[in-house]
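Here are my notes for you, written as numbered points. Keep the structure open beside them and find each residue as you go.

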Amino acid sequence: MEESLMQIKNSAVSMIIEAEDQKELEEIKLQFLGRSGKLTLAMKGITKLPTGDRREVGQLANEVKRVLEESINERSNSLKTQESKKRREKIDITNPGVRPDIGHIHPMSQVLYEVVDVFKGIGFQAADGPEIETDHYNFEMLNIPSDHPARDTQQTLYLDTRQSKVTPGEIILRTQTSSMQGRIMEKVKPPIRIVVPGKNFRYEQVDASHGFEFWQVEGFVVDSNVRLTDLFGTIEYVLKKLMGEKTKIKFATTNFPFVEPGVDTYISCTVCNGRGCSFCKYSTWSEIMPAGMIHPNVLKAVGYDHQKVAGFAFAIGLSRLVTLRYQMDDLRLLTNPDLRILEQF
Ligand code: DAH
């Protein structure tokens, strides 16, 4: 019995080593380890042996089985690597290649670069700042103390600071790029002409005209002789450059704690040019650019002498500008990765 087990082992192993493909290996496996395979049958025969011999022969049979299984696995793995090597070798390098799709700049970025260029053309610089911001720069420095009702309008997303030493509520996702006013003015002395494009975040129900993240281009000018008419002139110039010379522009008063007076800028609907249509929901005007003269409290907070310098600030709703420019009726299209949409720009 021991001898026949050894024979089984030797012949099986040499067959396994010589197997040329997975199919052959599978057949060998069946031949020895299948239900009526040679080793299986031999193992069944062990029960007929005298009790004294069973244990030793049984152990040997198990050992043979283990060796066969291992050899089969090993051979199977080496066949697999050989096969994949062969497959690779089969590549015909004279075949013409598949041209990968070439991407292009996203419509948001296209308009963003254009906006920055227009401002650069009239002497502005561009700056960048953190999206994770402190309450201090997002609110306090902008004349919005902790009990100010304006905070309710800025659905703020707070970072969980429980694992740190930071005071709860101090670290937030910025709700407005105006947060960069304090950061920049603290460091730079007037004259300042700067634009800060950036993403903002608010706890908003997402729909066709609201996103939980949106782009703004914040801008501000501080100098010794800045007046409200400078604000009007700058905004009108920029919006006409961006939306076309025929664009009608109107200003209205509004209220933001960091400007006095506050100004809302509207442009005539880009589809009906002010006649009324379903795109503008017959309002004929779209609010696009809140602005105002920088509040003396903001100037004081950054250490400027508000008797000597004055400034204006504004924010272009960039996502809004892009949807108006391309007459999109849903903001969500701007973050949709579907190439059928993106390829149109
Ligand atoms: N930061 C304001 C907001 O997101 C918008 C704004 C209004 C910015 C007036 C300004 C400004 O610079 O002067 O709600």
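Notes on the ligand site and a few odd spots

1. Let's start where the ligand sits. An oxygen atom of the ligand lies 3.0 Å from a polar side-chain atom of R202. Keep in mind that you are looking at a predicted model, so treat each number here as a value computed from that prediction.

2. Two more side chains deserve a look at this site. In Q176, a polar side-chain atom sits 2.6 Å from a nitrogen atom of the ligand. E218 has an N or O atom in its side chain that is 2.7 Å from an oxygen atom of the ligand. How much of the ligand does the protein bury? On its own the ligand would expose 360 Å², and the protein buries 95% of that.

3. Now step back to the whole shell around the ligand. It has 16 residues, and the closest ones are Q176, S178, R202, Q216 and E218. Sorted by type, the shell has 8 nonpolar, 6 polar and 2 charged residues.

4. Which elements give two or more residues to that shell? They are β6 (213–223), β10 (291–294) and β11 (310–317). The largest share comes from β11, with 3 residues. Try colouring these strands and you can follow the shell by eye.

5. Next, the overall layout. The domain assignment splits the protein into domain 1 (2–88) and domain 2 (107–342). The C-alpha centres of these two domains are 75 Å apart.

6. For a single pair of residues that shows distance in the model, take K65 and P261. Their C-alpha atoms are 90 Å apart in space, and 196 residues separate them in sequence. K65 belongs to helix α4 (residues 51–89). Is K65 buried or partly exposed? Its relative accessibility is 32%, so K65 counts as partly exposed, since that value falls between the 20% cut-off for buried and the 50% cut-off for exposed.

7. P261 itself is worth a second look. It is found in strand β8, and a cis peptide bond with omega of about 0 degrees joins it to E260. There is another cis bond between P190 and P191, where omega is about 5 degrees. P191 has its place in the loop between α7 (179–187) and β5 (192–201). I'd check such spots by eye because most peptide bonds are trans, just as most residues other than glycine have a negative phi.

8. That brings us to phi. T284 is not a glycine, yet its phi is positive, at about 65 degrees. This residue lies in the loop between β8 (259–268) and β9 (285–287). With a relative accessible area of 16%, T284 is buried, because buried means under 20%. The side chain of T284 also makes a polar contact of 3.5 Å with the side chain of W285.

9. Q327 also has a positive phi without being a glycine, with a value near 50 degrees. You'll find Q327 in the loop between α10 (318–325) and α11 (339–342). Is Q327 buried or partly exposed? At 42% relative accessibility, Q327 counts as partly exposed.

10. Here is a loop residue carrying an arginine side chain: R151, between α6 (135–138) and β3 (157–158). R151 has a relative accessible area of 14%, so it counts as buried. Compare its position with that of H106: the two are 45 residues apart in sequence and 33 Å apart in space, C-alpha to C-alpha.

11. Last, the cysteines. How many disulfides does the structure hold? The number is 0. As a reminder, a disulfide is a covalent bond between the sulfur atoms of two cysteines. C269 is buried, with a relative accessible area of 1%. C277 counts as buried too, at 13% relative accessibility.

Technical notes. Residues numbered from 1 in each chain as written. Predicted model: local features only at pLDDT ≥ 70, side-chain atom pairs only at ≥ 80, totals over all residues. Heavy atoms only, no water. Domains from an automatic or database assignment. Near = heavy atom within 4 Å. Polar contact = N/O pair within 3.5 Å; in protein donor to acceptor, adjacent residues only side chain to side chain. Areas by Shrake-Rupley, 256 points an atom, 1.4 Å probe, with all protein chains shown as cover. Helix = DSSP H or I, 4+ residues; strand = E, 2+ residues; numbered from the N terminus. Nonpolar A, V, L, I, M, F, W, Y, C, P; charged D, E, K, R; others polar. Disulfide = S-S within 2.5 Å. Buried < 20%, exposed > 50% of the residue type's maximum accessible area, 1.4 Å probe, protein only.
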